[in-house]
Amino acid sequence: MRTLIRNGTVINAGGTLRADVLVEGEKISAITAPGVIETADAYIEADDKYVLPGGIDAHTHMEMPFGGTFSADTFFTGTRAAAWGGTTTIIDFAVQAKGTSLLSTLDKWHEKADGHCAVDYGFHMIVSDVNDQSLKEMESCIDAGVNSFKMFMAYPGVFYATDGEILRAMQKAAGTGATVMMHAENGIAIDELVAQAIAEGRTDPVEHGLTRPPELEGEATSRAIQLARVTGAPLYIVHLSASQALAAVAAARNDGQNVFAETCPQYLYLSIEDLAKPDFEGSKYVASPPLRPKEHQADLWRGLRTNDLSVVSTDHCPFCFKDQKELGRGDFSKIPNGIPGVEHRMDLLHQGVVAGEITLQRWVEVTSATPARMFGLYPRKGVIAPGADADIVVYDPAVRQTLGVATHHMAVDYSAYEGMSITGGVSTVLSRGSVVISDGEFHGHEGHGRFLSRELSQYLV
Ligand SMILES: NC(=O)NCCC(=O)O
Ligand SMILES: [Zn+2]
Ligand SMILES: [Zn+2]
């Protein structure tokens, strides 16, 4: 099957050109000046549209066990929603429960995802039980294509790791080429503030934000950076939300340390004012780190421009308002943490282009090319080039849409972006050469997505 995408503006991280793109089977086979190739089996007209490499969301949580419940999207509904929004690869997190092994965890996550995803997917591994066996098993995970390991300085008693445990895991990463991903918040201090708030009867969702001050994200980020420096491990800070944390990352990078960070659309567009909405509406915005005062947003956009923030992922972790967020009514600390967003990342970041915060090329770089390089998928993914997988988004920059629960495709009963007006929208999406979205319809199927065994990060030195 030969599909010709005609006369679009091809946008790669490295540049833009007007071109035709030929897809043969699952791969891109040629990029030519418009009109050079005359015949194909199917045609997609891309006049006045962008032709982008499919988005790569390197941080999602489908069917994730958390706070006594599970995130609401299955691997099918979540990857289908991703496709609707122009994301053709997700990297989700397998979650080691305390007392279990990394390899049995990986098996369990394969059982959940294999045969169910609508687009391609890989895994990171959450290490919540550091011991001799888990450290050894990190090597087997790497052999199985899972070479990035998330650790938590937050959530004592659940995922939390001590500095000593983090140090040991980082030593293992330094010796194997793995990447340590860090949830950097000082969970011990936060738990004290949370206990004090509850004891004083401050139980509303906004307290989630007030008890997790940005200084404690900055402190934990600095500590993680120092531990990485001592061990020589590369470090990737996940879901960075605060100016203080960004300053720590920028300083380390200026020093030449191999430190990277991602932020998420919610930290660029939402704020603690959303958490403060009355009638428990604020619970819809509970995630960790919390939404910050608006002043942090300008710093995050600057970080995206300077590359101190290299990636934008969603941390998609949907919990329904009605019966899941409800678990924390009367005690904000019991609200399941997470915000839905896998469907909207490409559109939301495109608003940064529209507003002049980032260039078109940078849009593609932070949503596709860099996550592909960072997590060992490039140049199979993350680029429109001959030989790459034909994961392609034809994007209409002029169309207008309004985000909301009535139109989104995530399996969650609210939108964090309800009523937000967006310029631009996905027109056609191909996943490995198959059209999965076109003419406002989903044409893919459960099980189309394949597991991606990933190479080591291309940012290792
Ligand atoms: N971020 C969040 O609130 N939930 C998902 C788990 C995590 O990434 O820490
Ligand atoms: Zn986290
Ligand atoms: Zn997360």
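## Notes on a two-domain model with one ligand

1. Start with the seam: 31 residues of domain 1 are in contact with 42 residues of domain 2. "In contact" here is a C-beta criterion, with the two C-beta atoms, placed from the backbone, lying within 7 Å. On the domain 1 side, strand E1 (2–12), strand E2 (15–24), E16, strand E17 (421–431) and E18 each supply at least two residues. E17 gives the most, with seven residues. That side of domain 1 divides into 19 nonpolar, nine polar and three charged residues. For that tally, Ala, Val, Leu, Ile, Met, Phe, Trp, Tyr, Cys and Pro count as nonpolar, Asp, Glu, Lys and Arg as charged, and the others, Gly among them, as polar.

2. Some housekeeping before going further. This is a predicted model, where local features need pLDDT of at least 70 and side-chain atom pairs count only at pLDDT 80 or more, while totals for chains, interfaces and linings use all residues. Residues are numbered from 1 along each chain as its sequence is written, with chains lettered from A and ligands numbered from 1 in the order in which they are written.

3. Where are the domain bounds? Domain 1 is made of 2–52 + 385–442, and domain 2 is 54–375; these bounds come from an automatic or database domain assignment. The C-alpha centres of the two domains lie 27 Å apart. UniProt, in an unreviewed entry, has its own annotation, "domain: Amidohydrolase-related", covering residues 50–436. UniProt positions are given in the numbering used here, feature names are shortened, and annotations may be inferred rather than shown by experiment. Over residues 50–436 the chain is 37% helix and 19% strand, and the end C-alpha atoms are 17 Å apart.

4. Overall build: the protein chain has 13 helices and 19 strands, taken as DSSP runs (H or I, at least four residues, for helices; E, at least two, for strands) and numbered from the N terminus. The radius of gyration is 21 Å, which agrees with the value near 23 Å for a compact globule of 461 residues. That radius is taken over C-alpha atoms, and the globule rule is 2.2 Å times the number of residues to the power 0.38. The C-alpha trace spans about 70 × 50 × 40 Å along its principal axes. Of the contacts with a separation of 6 or more, 76% are between residues 24 or more positions apart.

5. Burial: 57% of the 461 residues count as buried. The cut-offs are 20 or more other C-beta atoms within 10 Å for buried, 12 or fewer for exposed, and partly exposed in between, with C-beta atoms placed from the backbone. Helix H1 (residues 75–84) is worth a look: ten of its ten residues are buried, so it is largely enclosed by the rest of the structure. Among them are Phe75, Phe76, Arg80 and Trp84. H1 is followed by glycine 86, with a positive phi near 85 degrees.

6. Lysine 150 is the residue I'd click on next. The unreviewed UniProt entry annotates Lys150 as "modified residue: N6-carboxylysine". Lysine 150 sits in strand E11 (residues 148–152) and is buried, with 22 other C-beta atoms within 10 Å. Leaving aside neighbours within four places in sequence, its contacts are Phe93, His124, Ile126, Met181, His183 and Val238.

7. Which residues are around ligand 1? His61, His183, His239, Ala287, Ser288, Asp315, Cys317, Asn337 and Gly338, each with its C-beta atom, placed from the backbone, within 6 Å of the ligand. This shell divides into two nonpolar, six polar and one charged.

8. Backbone oddities, cis peptides: the bond from serine 288 to proline 289 is cis, with omega near -5 degrees. Proline 289 lies in the loop between helix H10 (272–275) and helix H11 (295–306). Tyrosine 378 and proline 379 are also joined by a cis bond, with omega about 5 degrees. Proline 379 is in the loop between helix H13 (360–374) and strand E16 (392–402).

9. Backbone oddities, positive phi outside glycine: glutamate 63 has phi near 50 degrees and lies in the loop between strand E6 (55–60) and strand E7 (65–66). Glutamate 63 is partly exposed, with 19 other C-beta atoms within 10 Å. Aspartate 439 also has phi near 50 degrees, in the loop between strand E18 (434–438) and strand E19 (441–442). Aspartate 439 is exposed, with 8 other C-beta atoms within 10 Å.
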